[in-house]
Amino acid sequence: MSSFKDFSFAGKKALIRVDFNVPLNDAFEITDDNRMRATIPTITKILKDGGSVILMSHLGRPKEGPTDKYSLKHIVAHLSKLVGVEVQFANDCIGAEAIDKAAALQAGQVLLLENLRFYKEEEKGDIAFAEKLSKLGDVYVNDAFGTAHRAHASTAIIAQFFSPANRTFGWVMEGEVMSAEKVMHAAQKPFVAIIGGAKVSDKILIIENLLDRATDIIIGGGMAYTFFKAQGGKIGKSIHEDDRMPLALEILAKAKAKGVHIHLPVDNLVADDFSNIANTQTCASGEIPDGWEGLDVGEKSREQFAKVILASKTILWNGPMGVFEMENFQAGTKAIAVAVAEATQNGAFSLVGGGDSVSAVNQFGFNDKVSYVSTGGGAMLEYFEGKTLPGIAAIKG
Ligand code: AMP
């Protein structure tokens, strides 16, 4: 598979699956255009090569077919500004208008198709629908990592209608895949995985898969309390999942057997209420009094975690160490961001992925101090759970 950079689009119509599922306010203004901006280099490269571009995406979750609220027409003006070209629009992603407009497209021109999810065939992965879409372009480019874990018509099924020489990842997707593969298959040791967030149940598969790859696993955030309770500790009213306690013990036993070091917090910042202005104190793990709940890792834990991170050559971070949305409980997550940034500066490869750790890194201004920030929450999680992502497999063949 040639890299996107080496692919020549001269004289070709490139059909690109992008992720333009951007948030819109009541006046249909885009409130966060990061997903659109991310794909501009892909579009620009194709236009510079002398090709033309047909963009397809979903927007929101329309249930009843075409709905004005979910029309991609709302983003055309902004997209034109970002690309620097007047973007044309087809009111339907398949059918006569799309076919005619795609056929008439000249080099340097851009066409955006209406929301793919106006057809239920999209999410069903319908082959006939995918084939209709495929007819619009000469080359298929997938640049939507955020939907790579879905076997939808436009993200995976469509690829079979293009020969391997006529399908490729775009810049966004290629960057995501390369970073993820580097961590998953070519990680330099020591390799630390930092796993946080609210629930063990959401992260169980990723932890299990990482037990075969990482040298160290730091477990923080709300999920740590299930581990403490399972070991007979007192956790007060901290968030936990009783039904996952056996699994937590199993993970600890498996890690021991495999020689993987699990690092749980040794101390916790606890509060008497789930509120930024609650009373707080620091408690050793397993010794949280009744009526108190752990909302962040304590200072000693931060220091210990930082030491592990600074000694690592590969770092994967998914999930915050505490309720970082509240100012008084963000020190643990911030300490991780600082340590990951420092380790990266010292030569480690760091990949941050999953919605909340990405928001944290952005919020603290560390996004350009780590090696790679993944845009695909669910896709990245599934990748590190060891699953094959249909969107990747379809391009690689
Ligand atoms: P996740 O989406 O699973 O990565 O979880 C992220 C969420 O976990 C964030 O909204 C955090 O506020 C929350 N969280 C992290 N630590 C705790 C905690 N100790 N108690 C309650 N919620 C937490």
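Which residue follows helix 9, and is its phi positive or negative? In this predicted model, the residue after helix 9 is Gly259, and its phi is positive, near 75 degrees. Let's walk back from there into the helix itself, and then cross over to the sheet.

Helix 9 runs over residues 245-258, 14 residues in total. From its first C-alpha to its last it reaches 20 Å, close to the 20 Å expected at 1.5 Å a residue. Look next at which side chains are hidden: Met245, Ala248, Ile251 and Ala255 are buried. Viewed down the axis of helix 9, the buried residues fall within an arc of 115 degrees, so they line one face of the helix. That buried set packs against helix 7 (200-210), helix 8 (224-230) and strand 10 (261-263). On the face turned away from the buried side, you will find the exposed residues Pro246 and Ala257.

Now for the sheet. It is an open one, built from six strands in the order 3-4-2-1-5-6, with parallel pairing. Strand 3 (88-90) and strand 6 (167-169) stand at the edges with a single partner strand each, so one side of each has no neighbour in the sheet. From one strand to the next, the twist averages 25 degrees.

Within the sheet, strand 1 (residues 13-17) pairs with strand 5 (residues 139-142) in the parallel sense, over four bridges. To find one of the bridge partners, start at Arg17: its partner in strand 5 is Asn142. Helix 3 (residues 96-104) packs on the sheet, where it touches strand 1, strand 2 (52-56), strand 3 and strand 4 (110-113). The direction of helix 3 makes about 150 degrees with that of strand 3.

Notes:
Residues numbered from 1 in each chain as written. Predicted model: local features only at pLDDT ≥ 70, side-chain atom pairs only at ≥ 80, totals over all residues. Heavy atoms only, no water. Pairing = 2+ DSSP bridges. Helix = DSSP H or I, 4+ residues; strand = E, 2+ residues; numbered from the N terminus. Axes fitted to C-alpha atoms, helices over the stretch in contact; angles between N-to-C directions. Contact = heavy atoms within 4.5 Å. Expected span 1.5 Å × (residues − 1). Buried < 20%, exposed > 50% of the residue type's maximum accessible area, 1.4 Å probe, protein only. Arc of directions from axis to C-beta.
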